[in-house]
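Got the viewer open? Let's take a walk through this one, stop by stop, with something to select each time.

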Amino acid sequence: MNDELDIELTSRYPVVYPPISNSGLHGFECGSGWFHLLDATGCLIQRRMDAAKSEPFVAHQIKEKFGELRVYYSHGDAYVSAVIDVIEGLSGRFCEICGDRGEIHEDQGWLSTRCARHLGTSAGKTVQREGQEAPQTGASPLHSPSIADVIDSALSLFGGNPTHVIGWYTRQAHALGGIAPVDLLNHPAGRAQLLRLIGQIEHGVYT
Ligand SMILES: [Zn+2]
């Protein structure tokens with residue numbers, strides 16, 4: 001993760017991602033393309049900890065492993081665990097370098113998640129994210145829900161079951177014209193569409 005985004009995450013969510021001097025967390029050992037996933041994770045966990053006053057979540061290591069994001073941590077309740085499972089499970093659909101749609105590829109036994117443009121590119125290189133929204137500060141406007149909002153709604157819909165949430169996000173949906181919900185997460189209009197769909201499912205419009 002490039003330094004600018006690293007600082008952005010630790011300053012937005014100092015409890016979830018404490019600065020290096022205060023913890024054993026040595027930065028984010030993954031590419032900048034997963035910034036948006038780590039931003040949603042930080043947002044949801046910090047929100048949960050503020051509301052539940054539960055034992056503080058402690059992140060020990062955040063890294064890429066077998067092509068996917070891995071968060072090693074202690075404490076945190078069932079909700080925190082579900083959030084992390086969902087984010088890890090969806091990371092294999094986003095290029096670790098740029099955050100665009102990606103797939104897990106194998107190269108001589110090494111697994112990595114890349115878009116077509118970044119096949120063969122090492123995440124160790126500092127590559128600025130391209131074609132993505134700039135990190136947002138403050139709350140999203142109502143018409144533009146955040147990734148955190150959409151993931152939280154899906155967790156609520158599926159009773160906090162991360163396996164069901166990941167399954168729903170990664171399966172093509174008839175209601176979305178055959179697009180998998182995960183492919184709409186990067187776009188504000190797509191996230192608004194997902195929130196509407198989740199609301200319709202909750203109200204029994206789709207079964
Ligand atoms: Zn890419």
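Start by selecting residues 188-202, which make up helix α6. This is a predicted model, so you are looking at computed geometry throughout. From first C-alpha to last, the 15 residues of α6 reach 21 Å, close to the 21 Å expected at 1.5 Å a residue.

Now show side chains on α6. Which of its residues are buried? Pick out Arg-191, Leu-194, Leu-197 and Ile-198. Look down the axis and you'll see that these four sit on the same side of α6, because they cover an arc of only 120° around it. As a reminder, an α-helix has 3.6 residues a turn, so residues three or four places apart point the same way.

Next, add residues 147-157, helix α4: that is what the buried residues of α6 pack against. Then swing round to the other side of α6, where Ala-189, Gly-199 and Gln-200 are exposed. Before leaving, step past the end of α6 to Gly-204, and check its phi: positive, near 80°.

Second stop, the sheet. Select 28-29, 58-65 and 68-74, that is β1, β2 and β3. These 3 strands form an open sheet, ordered β1-β2-β3, with mixed pairing. β1 and β3 stand at the edges with a single partner strand each, so one side of each is left without a neighbour in the sheet. Zoom in on β1 and β2: they run parallel and are joined by 2 bridges. For a landmark there, Phe-28 stands opposite Ile-62 in β2.

Keep Phe-28 on screen and bring up Met-1, since the two are in contact. Met-1 belongs to the segment before α1 (3-12). Is this chain start buried or exposed? Met-1 has 22 C-beta neighbours inside 10 Å, so it counts as buried; the cut-off is 20 or more. Try a distance label from Met-1 to Gly-31: their C-alpha atoms are separated by 4.7 Å, although the residues are 30 apart along the chain. Beyond its neighbours within four places in sequence, the contacts of Met-1 also include Asp-6, Gly-27, Cys-30, Ser-32 and Phe-35.

Last stop: colour by pLDDT. The chain has a mean of 87, and 87% of its residues reach 70 or more. Then select 125-140, where pLDDT stays under 50. For that stretch, the model has 21 contacts beyond four places in sequence.

Note on methods. Residues numbered from 1 in each chain as written. Pairing = 2+ DSSP bridges. Expected span 1.5 Å × (residues − 1). Buried ≥ 20, exposed ≤ 12 C-beta atoms within 10 Å, placed from the backbone. Arc of directions from axis to C-beta. Contact = placed C-beta atoms within 7 Å. pLDDT = per-residue confidence, 0-100.
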